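Trainee: Could you walk me through this one before I go back to the bench?
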Amino acid sequence: MSKDIQTKEAVFKDLLLNININFIIPKFQRTYCWGKTQIDAIFEDILSNEKKFLGAIILQETRTEIATGSNYDCRDVIDGQQRISTLFWITMLLCEKTSAV
């Protein structure tokens with residue numbers, strides 16, 4: 001049985017603003033291990049305000065009902081877990097800092 005693989009270019013902002021998608025880090029993924037060097041590099045890319053290619057992020061559509069019983073589109077993060085986690089954390093920190101001003 002074969003499944004169609006779909007690829008598309010996406011902007012991180014579009015993933016971030018789609019509140020109907022839950023990103024799930026499967027148990028088989030390694031633990032988060034990025035250090036200061038990798039985080040500084042991605043943060044510098046963000047601050048450069050240039051369009052950057054952040055690498056491939058591979059998502060697999062999975063279950064659509066989570067524990068709350070709410071109906072969401074869920075995606076297992078197959079590749080790109082370190083990058084997507086870091087980008088979400090940076091975004092959260094920036095939101096916290098700007099709302100505190």
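Mentor: Gladly, and we should begin with pLDDT, which is the predictor's confidence in each residue on a scale from 0 to 100. This is a predicted model, and the protein averages a pLDDT of 82, with 86% of the residues scoring at least 70.

Trainee: Which helix has the lowest mean pLDDT, and which the highest?
Mentor: Among the elements of the protein, the lowest mean, 78, belongs to helix α1 (residues 12-17), while helix α2 (residues 36-47) has the highest, 90.

Trainee: How far does α2 reach from its first C-alpha to its last?
Mentor: The 12 residues of α2 reach 16 Å, which is close to the 16 Å expected at 1.5 Å a residue.

Trainee: And what phi does Asn 49 take, just after α2?
Mentor: Asn 49 has a positive phi of about 60°, although it is not a glycine. Most residues other than glycine have a negative phi. Asn 49 lies in the loop between α2 and β2 (58-61).

Trainee: Why does Asn 49 count as exposed?
Mentor: Because its relative accessibility is 72%, and exposed means over 50%.

Trainee: Changing topic, which residues form the largest nonpolar core?
Mentor: That core has six residues, namely Phe 12, Ile 42, Val 77, Ile 84, Leu 87 and Ile 90. Helix α3 (residues 81-99) supplies the largest share of this core, three residues.

Trainee: What is Leu 87 in contact with, leaving aside neighbours within four places in sequence?
Mentor: With those neighbours set aside, Leu 87 is in contact with Phe 12, Ile 42, Ile 46 and Leu 54. In soluble globular proteins, nonpolar side chains tend to be buried together.

Key: Residues numbered from 1 in each chain as written. Predicted model: local features only at pLDDT ≥ 70, side-chain atom pairs only at ≥ 80, totals over all residues. Heavy atoms only, no water. Helix = DSSP H or I, 4+ residues; strand = E, 2+ residues; numbered from the N terminus. Expected span 1.5 Å × (residues − 1). Buried < 20%, exposed > 50% of the residue type's maximum accessible area, 1.4 Å probe, protein only. Core = buried A, V, L, I, M, F, W, Y, C linked by side-chain atoms within 4.5 Å. Contact = heavy atoms within 4.5 Å.
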